[in-house]
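Q: I would like a close look at a single part of this model. Please start from one residue and work outward.

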Amino acid sequence: FNVWLTTLFFHIVIHAPVGGNFSPLRTDLMVFDDSAVQRFKPNMRNVPYMHEIATGMEVEYDDIVLSPNAEGFRDYDHELTVAPGRIRVAMMGESFIFGLGLNSADTMPVQLERDLRAAGVDAEVFNFGIPGYNFEGMGAVEQIIAAKYKPDIVTYSFITDDISYVDSHTHT
């Protein structure tokens, strides 16, 4: 009920865009396979990355250097088996979790892992962010890829247009 009420509020009162969360991605850097999860080509190293800004958006991001892991996410490679006593946090999201315009060391997942370890918590934080994803895309990432790492905690980062039915995955 709360999600429905929030959706209704944003569409009627604030007029959130019904068209959806659409960030045109550089498809030359993406992989499209049978998993139904669009992500970056695995194991690319130091590729300059910037996607086009959608018409009407008045946002500019700094270019970043992309080095996706073996799964195709902006993260380091993780083992499937977890070390005893370690807590795993999977962060699902769009450009905010991905860290659009940020160096890899400044993304939220990296900062969270660093802060948890500094506090004495043996934690491993996964960055499952893809710019332009909505809840459907994030859910697919969780079910198809993140679940095999058996995270203890799963977080979702979203903004109002992430509840839409259209995302960058839908448009490719």
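What does S104 count as, judged by its relative accessibility?

A: This is a predicted model. S104 has 36% relative accessibility, so it counts as partly exposed. The reasoning rests on two cut-offs: buried is under 20%, and exposed is over 50%. The value for S104 is 36%.

Now its place. S104 sits in a loop, with α2 (95–98) on one side and α3 (108–118) on the other. Set aside the neighbours within four places in sequence, and S104 is in contact with V65, R74 and V110. L66 is 38 residues from S104 in sequence, yet their C-alpha atoms are 8.1 Å apart in space.

R74 deserves a second look. Its side chain joins that of S104 through a polar contact of 3.3 Å. R74 also has an aromatic partner: its charged end sits over the ring of F98, 5.2 Å from the ring centre.

From that ring, turn to the aromatic pairs. The structure holds seven of them. One is F40 with Y49, an edge-to-face pair with 5.5 Å from centre to centre and 90° between the planes. F40 has 0% relative accessibility, so it counts as buried. Y49 has 1%, so Y49 counts as buried too.

Another pair is F126 with Y149. Their ring centres are 5.1 Å apart and the planes meet at 50°, so this pair is tilted. F126 belongs to strand β6, while Y149 lies in the loop between α4 and β7, so the pair ties together parts 23 residues apart in sequence. Both F126 and Y149 are buried. They also belong to a cluster: F73, F126, F128 and Y149 form one aromatic group.

That loop leads back to α4, which spans residues 135–144. At its start, a side-chain oxygen of N134 comes to within 3.0 Å of the backbone nitrogen of E136. Further along α4, a run of residues is buried: G137, M138, G139, A140 and V141. What covers the buried residues of α4? The cover includes three strands, β5 (87–93), β6 (123–129) and β7 (153–156). One of them, β6, is the strand that holds F126.

To recap the starting point: S104 is partly exposed, and its side chain makes a polar contact with that of R74.

Notes
Residues numbered from 1 in each chain as written. Predicted model: local features only at pLDDT ≥ 70, side-chain atom pairs only at ≥ 80, totals over all residues. Heavy atoms only, no water. Buried < 20%, exposed > 50% of the residue type's maximum accessible area, 1.4 Å probe, protein only. Helix = DSSP H or I, 4+ residues; strand = E, 2+ residues; numbered from the N terminus. Contact = heavy atoms within 4.5 Å. Polar contact = N/O pair within 3.5 Å; in protein donor to acceptor, adjacent residues only side chain to side chain. Phe/Tyr/Trp six-rings, centres within 6.5 Å; stacked < 30°, edge-to-face > 60°. Lys NZ or Arg CZ within 6 Å of the ring centre and 35° of its normal.
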